[in-house]
Amino acid sequence: MAANDHNARVIEEFRANGGAVGGPFAGVPIVLLHHRGRRTGTERVTPVVAQIDGERLFIFASKAGADEHPQWYHNLKAHPEIDVEYGTETFPVRVVELDGAERDRVWERQKQKRPQFADYEAKTDRVIPVLELIRQA
């Protein structure tokens, strides 16, 4: 199944079920990122696994352990002011990449909550970026 087809099904299920997705994503927090291609300007929507910490939202540019960052990561770096869908809400955020001890703390918690992220880390030599989605007024 092509990634675009898979993503389209996840997006449809997310929207039909108030942000809940089943199958391997059952019980996993998901957000939909609304972003623009850094070169094309094309509007895109990408579902990603999130970590929720109180009011804070974090995402991880793991690309399942591939040796390169996902395209959406590059788009967010170029255009960090985006909208996200979480649950039944859509709201603006500013995307900030974490570093140092804060990045490591959030990343370690993600590996504990979702062990597949430790597998992704083991597959690659790159440091997987951790991004915070900071809600804007």
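Accessible areas here come from the Shrake-Rupley method with a 1.4 Å probe, and for residues only the protein chains shown count as cover. Select the whole chain: its accessible surface comes to about 7,500 Å², of which carbon and sulfur atoms hold 48%.

This is a predicted model, in which local features need pLDDT of at least 70 and side-chain atom pairs count only at pLDDT 80 or more, while totals for chains, interfaces and linings use all residues. Residues are numbered from 1 along each chain as its sequence is written, and side-chain values use heavy atoms, with hydrogens and water left out.

Stay with the whole chain and colour by secondary structure. Four helices and six strands appear, where helices (H or I, at least four residues) and strands (E, at least two) are DSSP runs numbered from the N terminus. Their order along the sequence is α-β-β-β-α-β-β-α-α-β. The C-alpha atoms fill a box of roughly 35 × 35 × 30 Å along the principal axes.

Next, select residues 30–36 and 43–53. These are strands β1 and β2, paired in the antiparallel sense over seven bridges; two strands pair if DSSP finds at least two bridges between them. Zoom in on His 34, which stands opposite Val 45 in β2. Six residues separate the strands of this hairpin, and Gly 41 in the turn has a positive phi of about 75°.

Then add residues 56–60, strand β3, which pairs with β2 in the antiparallel sense over four bridges. Pick Ile 52: its bridge partner in β3 is Leu 57. Two residues lie between the strands of this hairpin, where Gly 54 takes a positive phi near 65°.
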